[in-house]
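This report describes selected features of one protein chain. The sequence and the structure are shown first.

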Amino acid sequence: MAVPIKEFRITEVKQPNIGEVKPSVVTAKVTFSISSYKAQIRSEWNALKEHDVLFLLSIRPSFEPLSSEEASNATVPQKLGLQYVRGCEIVEVRDEDGTLMNDFTGRIKRDEWKPPKGDLRTVTIALDTAQYHMDVSDIAETGADDVYGTFNILMRRKPKENNFKAILESIRDLMNETCIVPKWLHDILLGYGDPSAAQWTNMPDLIKKVDFKDTFLDAAHVIESFPNYKVRFINSDGTDNSNPCPPFRIKFPENLESMVHALPGNVISTQTSNDASSMQDDHSDKVELVVEAYVPPDPGPYPQDQPKQNSVRFTPTQVGVILSGVQPGLTMVVGPPGTGKTDTAVQILNVLYHNCPSQRTLIITHSNQALNDLFEKIMERDVPARYLLRLGQGEQELATELDFSRQGRVNAMLVRRLELLSEVERLARSLQLPEDVGYTCETAGYFWLLHVYSRWELFLAACAQNQDKPTFIQDRFPFKEFFSNTAKPIFAAESFEKDMHTAKGCFRHLQTMFQELEECRAFELLKSTVDRSNYLMTKQAKIVAMTCTHAALKRKDFLHLGFKYDNLLMEESAQILEIETFIPMLLQRQEDDRARLKRCILIGDHHQLPPVVKNMAFQKYSHMDQSLFTRFVRLGIPYIELNAQGRARPSLARLYNWRYKDLGDLSYVKENEIFQRANSGFSYDYQLVDVPDFHGRGESAPSPWFYQNEGEAEYIVSVYMYMRLLGYPASKISILTTYNGQKLLIRDVINRRCVPYDFIGPPHKVATVDKFQGQQNDFILLSLVRSRFVGHLRDVRRLVVAMSRARLGLYVFCRRSLFEQCYELQPTFQLLLQRPDHLSLNLNEFTTFTDRHVEDTGPVQLVSGIEEMANIVNYKMHQVYQARVTSYQSNQYSAYPGQSAMEIDASEENGTENAEPSVGEMDLDNGTEKDTSLPPDAISNGSAHLDASVEENGNA
């Protein structure tokens with residue numbers, strides 16, 4: 001993408017650094033206009049931001065056309081008249097009024113942001129100083145052209161491909177620095193020594209007693225989670241507890257090697273809890289595990305004080321992952337599709353925060369989608385929002401009203417400061433003291449020491465002498481008036497112990513309030529937005545989340561600011577390049593030649609797609625598409641493999657669970673009603689549909705690697721329309737394909753056949769299998785496109801991704817004769833081909849609701865091909881039309897009650913052309929509905945080139 005340059009000028013050339021001849025900095029300003037471009041192109045140019053790379057081009061085209069012989073021998077620069085190319089990096093972007101755009105440093109407050117004005121954009125750029133020095137030297141010595149006076153085109157790359165410079169700089173800096181990785185991780189990274197050396201059981205400084213908070217839902221859950229141990233429950237005072245209730249603290253014995261969860265994944269036991277419970281009687285010599293059931297302190301009298309609770313019943317394997325993640329060392333987790341990787345990761349963060357509150361954790365993922373999923377779940381756990389920070393541009397996509405960017409968190413802290421100071425003033429009034437103690441966070445801190453904490457100490461001393469008086473606390477509690485606004489009275493005056501528990505909860509509320517004020521004090525003292533946001537990132541936030549790309553882009557800034565963290569949790573680590581996995585481990589400076597990193601938790605699935613490397617030489621011969629996670633697995637590093645999926649029907653899971661060791665199903669997917677019921681309108685929950693040549697043609701490639709299959713596109717869209725006409729929500733249906741060309745073709749067919757009708761519309765997503773990794777939907781329609789060669793689906797990892805996206809229904813459209821012969825895909829296609837290869841419908845079901853069991857096919861209607869499916873859809877659309885006309889006529893009749901029944905009958909006999917339905921008309925010759933609420937050009941094509949086949953066969 002390129003634009004003509006209106007103005008280019010060098011603005012600053014700084015003196016060289018000591019010992020160098022090239023300038024230290026060369027900056028220039030480029031002005032261009034976006035007035036003549038469409039909205040999408042304008043928005044892409046407006047999205048330019050700091051550190052993006054641009055290219056300055058000098059083009060002098062020849063006005064004399066080249067002969068055919070000259071054109072065949074000419075290079076690309078000769079054909080285009082390209083004279084010079086120079087790279088540059090964006091420093092800042094300003095609009096026509098000179099207002100700064102796309103600032104992520106906090107110089108512009110988010111509430112002060114305004115859309116850019118005018119069509120002119122001025123970009124301040126940093127030029128390559130070494131190249132500039134060479135160019136200027138050539139001009140001085142040889143009289144060469146002034147390159148910088150000839151630039152007339154500004155070019156940019158796609159945003160997702162434009163981060164190479166910062167990543168290469170980070171790699172260069174790492175190569176030139178003395179990188180100190182933690183000693184416990186050093187040999188593992190190099191592939192030396194004992195593969196299990198970094199496992200938590202071999203690490204020093206273990207946490208002997210772990211507070212699991214809300215991990216366990218009940219005592220039986222604890223016993224299920226540790227089948228190799230003899231569990232004994234005790235109270236906080238050490239006595240046995242016969243009726244234990246969560247939360248639990250667990251003290252682990254010295255001999256930890258016998259734990260099943262500490263073994264490598266290739267030898268891990270995958271016994272179910274039932275097998276484990278049956279073995280308990282046979283192994284009376286099990287190691288005793290002491291579990292302390294304790295009463296958590298009262299958090300306070302207000303509803304917002306109550307902690308958010310976990311509702312997931314973690315499996316024994318997931319509990320093993322949580323335990324391993326909380327302990328220091330390297331934790332490797334292989335998470336097959338639907339096994340709760342995100343829930344497990346969130347619980348690790350939750351337990352880690354409560355056991356090590358002073359430590360800071362960095363979360364890294366490959367995609368913004370995965371990071372947002374993880375972050376949204378963290379917000380639902382007992383971690384205060386003021387300790388959460390989301391860096392990068394994907395923060396805008398978070399499904400929450402709260403703003404978790406740096407600027408958003410700073411604003412939230414300032415707003416919270418005002419709320420807390422008003423509460424301090426209310427507390428002062430309740431104690432009959434001057435309200436000016438709530439003027440600043442500092443005065444509030446003095447007020448806490450002099451008036452609040454001192455009163456509490458006097459109260460505790462008095463309570464110690466009056467424990468026999470049930471009403472003493474109600475009468476003497478010093479902050480009773482402050483808590484008079486609760487929904488019900490805080491003290492019942494029935495028991496001294498109960499009231500004392502409540503009083504401590506009230507004091508804990510005050511304690512938390514003044515602790516928050518102390519944390520807000522820095523934001524009160526720092527005046528600039530940049531300083532506040534930097535303080536938030538380096539000191540305040542306990543959990544910081546970003547993508548691996550953002551980490552590589554901003555590594556230099558993190559080092560400059562003194563960013564620190566103790567724990568690293570990496571999701572989707574099997575999709576991240578090795579260097580992009582390594583960089584997040586080194587985003588902080590070392591302290592006294594010692595690495596601060598204590599834990600490294602890698603979660604991924606090497607059986608799904610690897611990192612994308614477009615350069616085939618790097619991919620095939622340098623193995624750059626092997627992630628660090630995959631390399632660790634190949635080196636024999638111990639890992640834990642999650643072994644129970646809770647996403648898909650068990651029947652759908654069988655299509656891909658052969659790729660994993662003993663991947664079972666959670667009881668939820670076996671027992672829940674939604675997984676027991678059949679898919680209405682379909683005989684089977686999954687099926688392979690053989691698609692023959694359409695109009696004498698199978699796959700086609702308008703350009704190299706741009707594969708399309710028109711027959712599969714039309715068939716899939718017909719099935720999608722059939723589902724919508726039955727009442728399936730569009731948000732629950734996704735259409736996937738293995739090639740970008742097919743994706744664009746399917747979108748074209750949807751725009752032509754579905755979008756004009758308000759009761760159909762587009763599906764939730766049309767995407768490639770590769771892009772849909774990490775996502776899911778209830779119903780997946782999958783097009784495999786190829787009809788001559790299997791293509792890149794031969795990679796079993798891509799097949800696993802494709803088969804594991806659906807929860808309730810999967811319908812695969814392909815050429816049976818091609819794919820059934822592919823050896824690598826046999827385990828999946830043997831299962832698919834046990835069912836008919838023609839789409840099997842149940843035409844007796846007219847809505848999405850059915851009582852039919854998933855294994856009951858009902859009356860089967862085999863669809864012969866694309867044309868018959870189109871006829872079925874047209875007939876369904878005709879039914880919808882008739883229902884709408886009937887509804888319209890009944891509304892008309894109710895509007896004119898004086899009209900006789902004879903007149904209504906006459907109008908019905910005359911046909912629908914006399915009625916004027918507001919919804920639309922159906923042309924019954926070709927089965928196309930004409931929506932009068934849309935412009936004529938939006939509906940002129942109707943069902944496109946299916947019309948001919950429908951007319952040939954007659955109306956359905």
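Strand β26 (residues 777-783) and strand β27 (residues 806-814) are paired in the parallel sense over six bridges. Within this pairing, S783 has F813 of β27 as its bridge partner. Two strands are taken to pair if DSSP finds at least two bridges between them. Helices (H or I, at least four residues) and strands (E, at least two) are DSSP runs, numbered from the N terminus. The model is a predicted one, in which local features need pLDDT of at least 70 and side-chain atom pairs count only at pLDDT 80 or more, whereas totals for chains, interfaces and linings use all residues. Residues are numbered from 1 along each chain as its sequence is written, and side-chain values use heavy atoms, with hydrogens and water left out.

Both strands belong to an open sheet of five strands with parallel pairing, arranged in the order β21-β27-β26-β24-β25. At its edges lie β21 (686-690) and β25 (765-768), each of which pairs on one side only. On average, neighbouring strands of this sheet are turned by 20 degrees against each other, direction ignored. Strands of a sheet pair through backbone hydrogen bonds, either parallel or antiparallel.

Helix α26 (residues 740-753) lies across β24 (733-737), β25 and β26, and runs at about 165 degrees to β25. Axes are lines fitted to C-alpha atoms, for helices over the stretch in contact, and angles run from 0 to 180 degrees between N-to-C directions. Contact means heavy atoms within 4.5 Å.

Two residues other than glycine with positive phi values are listed below. Buried means under 20% relative accessible area, exposed over 50%, and partly exposed in between (1.4 Å probe, protein chains only).

| Residue | Phi | Loop | Relative accessibility |
|---|---|---|---|
| K213 | near 50 degrees | between β8 (209-211) and α7 (219-225) | 24%, partly exposed |
| D662 | near 55 degrees | between α22 (650-653) and β20 (664-665) | 54%, exposed |

A further backbone feature is the cis peptide bond from P246 to P247, with omega near 5 degrees. P247 is found in the loop between β9 (229-234) and β10 (248-251).

The chain as a whole contains 33 helices and 31 strands. Of its 956 residues, 51% are buried. Among contacts between residues at least 6 apart in sequence, 77% join residues at least 24 apart. The accessible surface of the chain comes to about 45,400 Å², with 51% belonging to carbon and sulfur atoms; accessible areas come from the Shrake-Rupley method with a 1.4 Å probe, and for residues only the protein chains shown count as cover.
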